[in-house]
Amino acid sequence: MLSYRFLFDIAVILLSTKLLGLITKKFKMPQVVGALMAGIVLGPAMLDVLHETEFIQQMAALGVIVLMFTAGLETDINELKKTGKASGLVAILGVLIPLVGGFVVAYIFNRGEISHASTSSLLQNIFIGVIITATSVSITVETLKELGKLNTRAGNTILGAALIDDILGVVALTIITSMADSSVQIGIVLFKIVLFFIFSGAIGYLFYILFSKWMERYHKDMRRFVIVSFVFCLLLSFAAEEIFGVADITGAFIAGLIISNTERTKYINTRFETLSYMLLSPIFFASIGIKVELSGMSAVILLFTLVLLLVALISKIVGCGLGARICGYDKEESLQVGVGMISRGEVALIVANKGIAVGLMNPAFLAPIIIVVVITTIITPILLKVVFKRQQQIKVAYAK
């Protein structure tokens with residue numbers, strides 16, 4: 001029998017995320033923090049009203065795709081090109097330093113009672129490092145849009161670095177899983193990644209030409225442009241994930257970039273903003289909080305969670321901030337880039353589940369990983385507002 005429970009879940013999510021968003025806004029914090037807190041309060045960690053369902057998972061996945069698509073629509077390609085070198089270095093250091101940090105933490109704790117897996121402890125330790133290399137830029141994008149800072153130099157660097165970060169994360173995951181699973185072939189995976197960007201460039205150029213001409217011919221009814229844009233976004237996201245093994249959000253962002261220079265970009269973006277604000281984004285943000293479950297965690301696991309959280313925070317700020325600093329960014333911009341790359345998200349959870357499936361990670365580590373993902377996600381918008389406000393205060397002080 002068809003269950004209509006999902007209607008209740010949506011209603012509760014929409015109302016709670018908006019109410020808590022308004023409360024956090026009153027305390028001068030980004031509204032996204034309230035949306036994240038709504039999931040924690042109503043989920044298994046506290047009131048136990050909402051639970052993760054397949055419907056919520058799928059709607060959350062669609063929500064983050066639309067969020068990254070609109071980020072692509074709002075991105076200035078010329079500015080993104082200018083930050084290309086910095087984005088590359090930020091991404092590389094933002095992967096290497098968390099990888100080392102996660103490995104050290106896992107090495108210390110894996111010598112104790114929580115190591116049970118059959119795979120060698122060395123691979124387990126490296127895998128924990130791989131998990132915390134993942135960056136979820138979707139929360140940062142939403143916060144930067146809310147602050148009006150998405151198209152700053154720091155904002156573009158974060159976007160570029162996050163894309164490269166995703167690719168490096170896939171490569172790292174492939175290498176480590178191939179050591180535990182002989183069916184994974186590194187060469188084929190790397191070839192598919194390169195092929196995806198070639199495919200995106202070719203199909204993107206063709207789509208841009210045809211789409212632009214179609215706009216000129218049928219400019220009176222613009223609603224059809226929104227539908228075609230969405231179809232293109234979904235297909236490129238699907239191709240990225242299912243065919244080439246690249247994150248679907250990377251495909252969504254590239255789809256947005258391709259359409260960003262067309263004549264009706266602003267109109268298309270406003271329609272997607274409405275869809276995202278009204279339904280998809282609240283479900284996505286709440287779904288992160290719903291994942292938190294605190295029951296059954298031992299003292300050792302709690303300590304591991306705390307240490308891993310500190311390493312996850314510090315390693316991204318230091319690694320990504322250092323990369324920006326080397327490329328000539330001032331201290332404030334470097335700090336903004338570092339803070340903007342803190343948030344982990346669905347990528348880390350997907351990697352963690354993959355590790356459990358191939359015996360690379362003890363299931364006891366899953367709860368700490370989820371908690372790290374949620375806390376870094378909540379703290380990122382708060383810290384972003386602080387560092388951008390601080391930069392503004394410094395500019396005002398110098399002006400005087």
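Biologist: What gives the most to the lining of the largest cavity?

Modeller: In this predicted model, that's helix H16, residues 366–399, with three residues. The full lining is Ile131, Ile132, Arg344, Ala348, Ile369, Val372 and Val373.

Biologist: What makes a space like that a cavity, and not a pocket?

Modeller: A 1.4 Å probe fits there but cannot get out, so the space counts as a cavity, whereas a pocket is open. By this rule there is one cavity of 30 Å³ or more, and the largest cavity holds about 30 Å³ of space.

Biologist: How many residues of each class are in the lining of the largest cavity?

Modeller: Six are nonpolar, one is charged and none is polar. Arg counts as charged, and Arg344 is in the lining.

Biologist: Why is Thr135 called buried?

Modeller: Buried means under 20% relative accessible area. Thr135 comes in at 1%, so it counts as buried. Thr135 lies in the loop between helix H6 (121–131) and helix H7 (137–147).

Biologist: How do you know that the side chains of Thr135 and Lys316 are joined by a polar contact?

Modeller: The cut-off is 3.5 Å between N or O atoms, and the contact between these side chains is 2.9 Å, so it falls within that limit. Setting aside residues up to four places away in sequence, Thr135 also touches Asp165, Asp166, Met341 and Ser343.

Biologist: Which residues touch the most other members of the largest nonpolar core?

Modeller: Ile131 and Ile268, out of 114 residues in that core. Ile131 also lines the largest cavity. Beyond its neighbours within four places in sequence, Ile268 is in contact with residues including Leu73, Phe211, Met215 and Phe225.

Methods:
Residues numbered from 1 in each chain as written. Predicted model: local features only at pLDDT ≥ 70, side-chain atom pairs only at ≥ 80, totals over all residues. Heavy atoms only, no water. 1 Å grid on protein atoms, 1.4 Å probe; cavity = no way out; pocket = protein on both sides within 12 Å on 5 of 7 lines; lining within 4 Å. Points joined across faces, edges and corners; volume = space filled by probe spheres on them. Helix = DSSP H or I, 4+ residues; strand = E, 2+ residues; numbered from the N terminus. Buried < 20%, exposed > 50% of the residue type's maximum accessible area, 1.4 Å probe, protein only. Polar contact = N/O pair within 3.5 Å; in protein donor to acceptor, adjacent residues only side chain to side chain. Contact = heavy atoms within 4.5 Å. Core = buried A, V, L, I, M, F, W, Y, C linked by side-chain atoms within 4.5 Å.
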